[in-house]
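Reader: Hi! Could you walk me through this structure in simple words?
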Amino acid sequence: MTSGRRALTALHLLLVWAMMAAAVPVLGFGLVMAAWGGGEGATAPVLLLGVPLTVGLLAATATPVRTVVPLCGSVPQRLGWAASVFVLGTLGVLAGVAAYGGDVDLGGARTRIALTGVPYTVAAALFVPNRWVRLGAVTVLAAGVVYGGFVGPAQAEQRQREAEVVRYREHAELLYLGATPPGMQLSRAEAGPASFSVEYRGVREDVFSYAALTLRSPLTPTPRCPDLREKGVTCAVDARGEMRMVRDLPSGDHAVTLVRRHRKAEVEVTSQTLGEPELRRLLTTLHPLSDEELEKLLREKKINRSL
């Protein structure tokens with residue numbers, strides 16, 4: 001390709017980009033306003049007027065390269081070329097809109113307007129009979145597919161996780177975990193404005209085991225036994241301010257509950273399958289929920305927020 005043909009090709013692609021970067025947002029805005037003002041039926045006149053006009057303007061950008069691009073040699077050929085570029089480019093724009101709707105970062109408003117002309121420029125480049133121009137178009141297309149289909153969504157998911165972490169950290173004084181009891185695993189957690197609860201269940205499904213850990217904003221200076229207790233319930237508060245309550249179960253087992261103050265929160269552990277030593281170990285191993293632990297719970301969908 002001679003220098004003159006290279007200059008014509010560059011001018012051609014620049015005109016395609018500039019014209020479509022200006023026309024497509026205007027056409028899209030017209031469709032949105034028509035649909036907002038008169039419903040979906042009102043968009044038909046905009047399409048009937050806007051699409052042929054856009055194709056005609058696109059065909060005009062092919063005039064400088066009528067001797068370079070075989071499909072642009074005559075007016076009918078340029079119209080056919082423009083229709084093909086418009087269809088292919090619009091598919092790319094729609095893919096970009098779908099990616100943007102999936103929270104893929106496409107920059108600010110000016111950047112997004114500039115990007116609307118890129119799919120049409122890539123489509124036009126594919127019709128240029130030069131392998132380097134076509135290779136460049138394929139490279140841009142592949143980069144768009146990789147970013148819009150893989151890199152962008154991964155970044156959007158990471159930003160969403162980071163935002164969720166920030167929301168959970170609004171009540172960081174309640175976010176604590178204890179060492180998981182042997183033979184058990186964390187099954188679910190729930191964070192609320194005044195409490196944080198964690199449930200542990202057995203690793204083996206055929207063996208029942210359960211323990212619950214709850215941290216909440218304290219209502220009294222020290223834990224207190226309930227004034228009215230059911231039959232089979234014993235409760236006592238020791239000199240350190242720790243409450244111990246034992247409930248007799250119909251099966252003959254006992255459910256043990258321990259409550260104590262931990263910094264600015266009141267923490268409670270209860271279980272009918274763990275003994276008191278294991279519950280005390282759960283209390284003594286309390287530690288602030290780390291970002292890594294919180295992100296793992298979010299990835300595994302084991303934590304949710306309550307209103």
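Author: Happy to; we can talk about one helix and then some salt bridges. This is a predicted model, where local features need pLDDT of at least 70 and side-chain atom pairs count only at pLDDT 80 or more, while totals for chains, interfaces and linings use all residues. Residues are numbered from 1 along each chain as its sequence is written, and side-chain values use heavy atoms, leaving out hydrogens and water.

Reader: Cool! Where is the kink in helix 6 centred?
Author: On Y147, with an angle of about 45°. The bend at a residue is the angle between axes fitted to the seven residues ending there and the seven starting there. Helices here are DSSP runs of H or I with at least four residues, strands are E runs of at least two, and both are numbered from the N terminus.

Reader: Which residues of helix 6 are buried?
Author: They are V133, A137, G152, A156, R161, V165 and Y168. Buried means under 20% relative accessible area, exposed over 50%, and partly exposed in between, using a 1.4 Å probe and protein chains only.

Reader: New topic: how many salt bridges are there?
Author: A search of the whole structure finds 16. Each is a side-chain nitrogen of Lys or Arg within 4 Å of a carboxyl oxygen of Asp or Glu.

Reader: What does R280 pair with?
Author: With E242, their closest N and O atoms being 2.3 Å apart. R280 lies in helix 7 and E242 in the loop between strand 5 and strand 6, so the pair ties together parts 38 residues apart in sequence.

Reader: Is E242 buried or exposed?
Author: Buried, at 5% relative accessible area. R280 is partly exposed, at 24%.
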